[in-house]
Amino acid sequence: MKRIFKDCQLVTAEGSVSQDSGYDVQHNMMVAVENGIISAIGKNLPTEGFETVSLENRLLTPGLIDSHTHLIFAGDRAKEVEQRLNGVSYQHILESGGGILSTVQSTRQASEAELLALAIPRAKALIRDGVTTLEIKSGYGLTLKDEIKMLRVAKSLQERLPINIITTLLAAHTLPAEFKHAPEDYIDLICNEIIPEVSELGLADAVDVFCEHVGFSRTQMERVFDAALSHGLAIKGHTEQLSDLGGSECAANMGALSVDHIEYINLKSIEALAANGTIATLLPGAFYFLKESQKPPVNLLRKHCIPMAIATDLNPGTSPFASLTLMMNMASTLFGLTTKETLYGVTNHAAKALGLKQKGQIKVGFDADFSVWDLTAPSQLSYLIGLSPLHSRYLKGELANDA
């Protein structure tokens, strides 16, 4: 396949936020694609031997990347919304058997077919929002059988929908009820059975841990990460969402791709992110939905040149949002990110948060995953909510609109 996209108003999202290029619109550009890879970018590319596609002066950006979701689940937790509105804390709901554990119960009872039927509309909503790559975590099974079930459903979405799927094992999401009095035994199960089997089956790209008082300790996280690394899996962390346990520092020093939430991250941990090239993933949907007040230290992250990704954290309890452009808006309005930072947060930096070296930028040698918008400037992606400006999406240079 050889195809040239012409009449593009191009935004490449190249380089870093601190550089001048990458965010400014380049007018009347052409992008050549060969066998799914960007082969040339310019104003007057030779077209002989290429199929040409006119984008009719529309805005062309890298395909959006949602780098943190919990999209596979059964049931809902609308009742918890009422509880929180009546003053019950998220921590109390968790400790009372609600929260994650209520979703675990529903998800365990659901078949793969039922979970897939529930997941498809959620994924389609993200596709209609311009997402071309989607990370999906397990973590509502908490047994070997049910974690595998969730990961299989996540993988099967890529066979049914036009989207790239990255899968993450999050067996260390919370302590299942049957291990309430034996947390180390559950960590043994994760390290000695779940991780080896998932790795053998090729069902996960990475392993995540929720390091928190209502989750797992820093020492337990280290054990899980050691097991993951020994099986060739990347690592990521849910860290510093509700308190500061030093999980971000630990994860970064062990080579984590990203640490996510990080409202309570401290300076020492930020320095560890900078030293190890770990991405900071901000999840404004959960911050908003839980009515939190502790914001991530964006200015400190900027000062230490930490790339910031933005994701939906799509889940049934704390961030029931299937719109990445809404998260861009929230990141600006709630956390004070610039519109350039929000664009990079769902393209360039999001790709790095998933360890994807050929996605997130429109650059020669990168995958030709594009989103095409009926817009004139990238800032409008963080501005207009409710009216979808997406015109079309391309995966590896092929039209991928059927959602």
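Helices here, given at least four residues, and strands, given at least two, are DSSP runs that are numbered from the N terminus. The exercises below use that numbering, and they concern a predicted model.

**Exercise 1. Describe helix 9, from its two ends to its buried and exposed residues.**

Solution. Begin at the N-terminal end, where Asn266 acts as a cap: one of its side-chain oxygens lies 3.2 Å from the backbone nitrogen of Lys268. At the other side of the helix, Gly277, which comes just after helix 9, takes a positive phi of about 70°.

Next, sort the residues by accessibility, for which a residue is buried under 20% relative accessible area and exposed over 50%. In helix 9, which runs through residues 267–276, the buried residues are Ser269, Ile270, Ala272 and Leu273. Seen down the helix axis, these buried residues fall within an arc of 155°, so they line one face of helix 9. The exposed residues Lys268 and Ala275 sit on the face that is turned away from this buried side.

Finally, ask what lies over the buried residues: the cover includes helix 8, strand 11 (258–261), strand 12 (279–282) and helix 11 (298–303).

**Exercise 2. Work out why Tyr140, Asn315 and Gly317, which share a UniProt "binding site" feature, can be said to gather at one spot.**

Solution. The feature comes from an unreviewed UniProt entry, which places it at Tyr140, Asn315 and Gly317. These residues span 178 residues in sequence, yet no two of their C-alpha atoms are more than 11.8 Å apart, so they gather at one spot.

Now take Asn315, which lies in the loop between strand 13 (308–310) and helix 12 (324–335). Its relative accessible area is 4%, and Asn315 is therefore buried. Leaving out residues up to four places away in sequence, Asn315 touches His70, Phe73, Tyr140 and Pro320. The side chain of Asn315 also reaches the backbone nitrogen of Gly317, at 2.8 Å.

Gly317 is likewise found in the loop between strand 13 and helix 12. With 1% relative accessibility, Gly317 counts as buried, and apart from neighbours within four places in sequence it is in contact with Arg77, Arg84 and Phe289.

**Exercise 3. Compare the surroundings of His173 and Gln241, two residues covered by a UniProt "binding site" annotation.**

Solution. According to the unreviewed UniProt entry, this annotation covers Arg77, Tyr140, His173, Gln241 and Thr318. His173 lies in the loop between strand 8 (164–172) and helix 6 (183–201), whereas Gln241 has its place in the loop between strand 10 (234–239) and helix 8 (247–253).

The accessibility of each residue comes next: His173 counts as buried at 4%, and Gln241 counts as buried at 6%.

Then look at the contacts, again without residues up to four places away in sequence. Those of His173 include His70, Tyr140 and Phe210, and those of Gln241 include Phe210, Glu212 and His261. For His173 there is also a polar contact, since a polar atom of its side chain lies 3.0 Å from the backbone oxygen of Gly139.

**Exercise 4. Which partners does the side chain of Arg393 reach, and how does its setting compare with that of the salt-bridged Arg3?**

Solution. Arg393 lies in strand 15, residues 390–395. Arg393 is buried yet has no salt bridge, and the nearest side chain of opposite charge, that of Asp369, is 8.3 Å away. The cut-off for a salt bridge is 4 Å, so that distance does not qualify. The side chain of Arg393 does reach the backbone oxygen of Val131 at 2.6 Å and the backbone oxygen of Ala400 at 2.7 Å.

Arg3, by contrast, forms a salt bridge with Glu398, with the closest N and O atoms 3.3 Å apart. This pair links distant parts of the chain, for Arg3 is in strand 1 (residues 2–10) and Glu398 is in strand 16 (residues 398–399), 395 residues apart. Arg3 counts as buried at 10% relative accessibility, while Glu398 counts as partly exposed at 38%. Together with Glu51, these two residues are linked in a network of salt bridges. Glu398 also appears among the residues that Arg393 touches.

Methods. Residues numbered from 1 in each chain as written. Predicted model: local features only at pLDDT ≥ 70, side-chain atom pairs only at ≥ 80, totals over all residues. Heavy atoms only, no water. UniProt positions renumbered as here; feature names shortened; annotations may be inferred. Buried < 20%, exposed > 50% of the residue type's maximum accessible area, 1.4 Å probe, protein only. Contact = heavy atoms within 4.5 Å. Polar contact = N/O pair within 3.5 Å; in protein donor to acceptor, adjacent residues only side chain to side chain. Arc of directions from axis to C-beta. Lys, Arg positive; Asp, Glu negative; His and termini not counted.
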